[in-house]
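Welcome! Please take a look at the sequence and the 3D view below, and then we can walk through them together.

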Amino acid sequence: MSPDMAYFKDAGEVYATIGKLFEDLADDEELSPKFQKANTIVQYQYRDPESRITVKLIEGEDGQVDCGETAMEPEVVMTMDADTAHRFWLGKVNVTVALARGQMKAKGPVAKILKLVPLVKPVFPRYKKQLEEQGRQDLLEAA
């Protein structure tokens, strides 16, 4: 894979991998309530390929994940390359450093996002396993 090639060829691939991860987390009886303590709606806006995932994390409400168009109003917007998001979910990106370097940009109450960061550690092996099950060894090797 050449260095200028993005990991995902289109938005559909982003939704099938990162989107699926968020959907599975929303259904997770153990992790979901922890994430919902953030009491916010986060939208991840990705570039290369253009795609977006909006996630509702509101205590006492069912989790909701919209890939693409959404009627939800995000309070926090995180912008980054889809590649950065992919590497983040594999545990290879430090959010604080990425924000400082401008590889990730956050709009809204950033404190709410930083509150979520320690919660995501158990998600890393899960994303890796999900990609293995999806036969996306290419994505694991590329990162």
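This report goes from the sheet to the helices and then to a few single residues.

## The sheet

Please keep in mind that this is a predicted model. A good place to begin is the open sheet, where five strands follow the order β3-β2-β1-β4-β5 with mixed pairing. At its edges you will find β3 (64-67) and β5 (104-107); each has a single partner strand, so one side of each is left without a neighbour in the sheet. On average, neighbouring strands of this sheet are turned by 15 degrees against each other, with direction ignored.

Let us follow one pair of strands. Strand β4 (residues 76-81) and β5 run antiparallel and are joined by four bridges. If you look for T79, you will see that K105 in β5 stands opposite this residue.

## Helices across the sheet

Two helices can be placed against these strands. Helix α1, which covers residues 11-26, lies across β1, β2 and β3. Its direction makes an angle of about 10 degrees with β2.

Helix α3 lies across β1, β4 and β5. Relative to β4, helix α3 runs at about 100 degrees.

## A buried aspartate

Which residue is the nearest side chain of opposite charge to D83, and how far away is it? The residue is R87, at 7.9 Å. D83 is buried yet has no salt bridge, and its place in the fold is helix α3, made of residues 82-89.

D83 does have a polar atom of its side chain 3.0 Å from the backbone nitrogen of Y7. Leaving aside residues up to four places away in sequence, D83 touches M5, A6, Y7, F8 and D48.

## Loops with notable backbone angles

D48, one of the residues touched by D83, brings us to the loop between β1 and β2. Phi of D48 is near 50 degrees, a positive value in a residue other than glycine. The peptide bond that leads from D48 to P49 is cis, and its omega is near 0 degrees. P49 also sits in the loop between β1 (40-47) and β2 (51-57).

At N39, phi is again positive in a residue other than glycine, with a value near 50 degrees. You can find N39 in the loop between α2 (31-36) and β1. Is N39 buried or partly exposed? With a relative accessible area of 33%, N39 is partly exposed.

How values were computed. Residues are numbered from 1 along each chain as its sequence is written. This is a predicted model: local features need pLDDT of at least 70, side-chain atom pairs count only at pLDDT 80 or more; totals for chains, interfaces and linings use all residues. Side-chain values use heavy atoms; hydrogens and water are left out. Buried means under 20% relative accessible area, exposed over 50%, partly exposed in between (1.4 Å probe, protein chains only). Lys and Arg count as positive and Asp and Glu as negative; His and the chain ends are not counted. A salt bridge is a side-chain nitrogen of Lys or Arg within 4 Å of a carboxyl oxygen of Asp or Glu. A polar contact is a pair of N or O atoms within 3.5 Å; within protein, one must be able to donate a hydrogen and the other to accept it, and residues adjacent in sequence count only if both atoms are side-chain atoms. Contact means heavy atoms within 4.5 Å. Two strands pair if DSSP finds at least two bridges between them. Axes are lines fitted to C-alpha atoms, for helices over the stretch in contact, and angles run from 0 to 180 degrees between N-to-C directions.
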